[in-house]
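Dear colleague,

Please find below the structure that I am handing over to you. My notes on what was found in it follow directly after.

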Amino acid sequence: MITNMIVLSIETSCDDTAISIIKAKSSKKLDYANFEVLSDLTASQIEIHRPYGGVFPAVAKREHQKTLVPLLIKSLKKANLLKESKTIDNKKISKIKKNLEKNEELFLQLKEFLTKYQIKDINKIAVTIGPGLEPCLYTGINLAKSLSYYYNIPLVGVNHLEGHILSSFLSPHEDLELPAIALIVSGGNTQLIYFEKIGKYRIIGETKDDAAGECFDKTARILGLNYPGGPEISKKAKECKSNIYNITLPRPMINDKNYDFSFSGLKTAVLYHSKKNKITDDYIKEMSLEIESSIVDVLVDKTLRAIDEYKAKSLLLGGGVSANQKLIKEFKKKTKVKLFIPNKKYTGDNASMIGLVSIYSPNIKKIIKPISNLKINE
Ligand code: KG4
């Protein structure tokens, strides 16, 4: 058992560049009292992707390259773990240069960092290795590999989904009772996961096409609302006072005897309906209310069935959409099992959840290359 371990974690799976530093007293029990988040920083790219109405991978990669090293400096300064360097290893820098041929901007900033600074007291570096957008994942992985090599710090890879599953433990929480069901809902993922014990998970259902967050984003765009669409739709739904248009959207796959989802039909239904109507403010509010109700109904219904069938004792939420107030309200009203909801700042992509997994889960990877969705127990 390692005690008093400090982990630097890096998350670049999608459009958020995130770095966190966690200090853990023990790696045995995932208990809030056992660790401390020394620094948790995220540079959001929301404004950059807004004109596209979603994440543009090549642009996201470029932004990660630009942002990573300045964010690293800020994080280490915040945690007081940075000191001036007295020696420079030019041999190692040349090797890093070769490895970062395709990340020139990252290399130039990193070179300056390595020659100027020494990192203090970091025992482990953890990096997200997937699922996510490959060019983005590689940027974080390349930085993590370079730091690990230059400063001789062990490196591990973490599954992004496991980060979301455990994200509610980053804040004070009740004791977890297992088995549990986790519902991970974000811009890129919609999964129902059977959680047997820490490190052992099985995806029992997932979206066949668009993720729930993606559906919020795409339907918001149809209605002329801003990106990200989830909070915008939610805001409009709350303001809805009328029922002029009497809109009824489908609840896709709600009665199917499996735990899979499909949200692309919902987007098409919104598109056709909106083409037949004048888009007034009342229309936007009524449509937003129906979009939110449809997504929440499907997510809640299927999750409650999974809890029953798998005799789960806890339900964990994670991912950007788990910040949705209607979703939370419905689960609070309808579920009889213990409910774990992440603090809002940890619902979206963040690096603390990656650090947490690297300390408490046996499910970490020594081979650092991007992995795909289902390989959570690879
Ligand atoms: O986990 P996340 O930050 O990263 C990605 O997977 O990209 O999730 C972002 C997603 C977006 O699709 C956004 O519209 C959605 O989460 N989202 C919400 C809310 N806040 C963010 N959806 C519904 N209600 C919200 N309050």
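For the notes below, a polar contact is a pair of N or O atoms within 3.5 Å. Please bear in mind that this is a predicted model.

I begin with the ligand. With that cut-off, one polar contact involves the side chain of Ser-186, where an N or O atom is 3.1 Å from an oxygen atom of the ligand. Two further contacts are made by the backbone: a polar backbone atom of Gly-188 is 3.3 Å from a ligand oxygen atom, and a polar backbone atom of Gly-320 is 3.0 Å from an oxygen atom of the ligand. On its own the ligand has 560 Å² of accessible area, of which the protein covers 87%.

The ligand takes up the space of the largest pocket. Two elements, α7 (212-222) and α8 (229-239), each give two or more residues to the shell around the ligand. There are 18 residues around the ligand, and those that come nearest are Gly-187, Asp-217, Gly-230, Gly-320 and Asn-324. Divided by class, this shell holds 10 polar, six nonpolar and two charged residues.

The backbone also deserves a few remarks. Most residues other than glycine have a negative phi, and most peptide bonds are trans. Against that background, the following places may be worth inspecting.

Leu-178 and Pro-179 are joined by a cis peptide bond, with omega about 5°. Pro-179 is placed in the loop between α6 (160-166) and β8 (180-185). Another cis peptide bond joins Tyr-227 and Pro-228, with omega about -5°. Pro-228 belongs to the loop between α7 and α8, and these helices are the elements named above for the ligand shell.

Asn-80 is not a glycine, yet its phi is positive, at about 60°. This residue lies in the loop between α2 (57-78) and β4 (82-84). Lys-311, just after α10, likewise takes a positive phi, of about 50°.

Finally, helix α10 covers residues 281-309, which makes 29 residues. From its first C-alpha to its last, α10 reaches 42 Å, close to the 42 Å expected at 1.5 Å a residue.

With kind regards

Terms used: Residues numbered from 1 in each chain as written. Predicted model: local features only at pLDDT ≥ 70, side-chain atom pairs only at ≥ 80, totals over all residues. Heavy atoms only, no water. Near = heavy atom within 4 Å. Polar contact = N/O pair within 3.5 Å; in protein donor to acceptor, adjacent residues only side chain to side chain. Areas by Shrake-Rupley, 256 points an atom, 1.4 Å probe, with all protein chains shown as cover. 1 Å grid on protein atoms, 1.4 Å probe; cavity = no way out; pocket = protein on both sides within 12 Å on 5 of 7 lines; lining within 4 Å. Sits in = over half its atoms within 2 Å of the grid points. Helix = DSSP H or I, 4+ residues; strand = E, 2+ residues; numbered from the N terminus. Nonpolar A, V, L, I, M, F, W, Y, C, P; charged D, E, K, R; others polar. Expected span 1.5 Å × (residues − 1).
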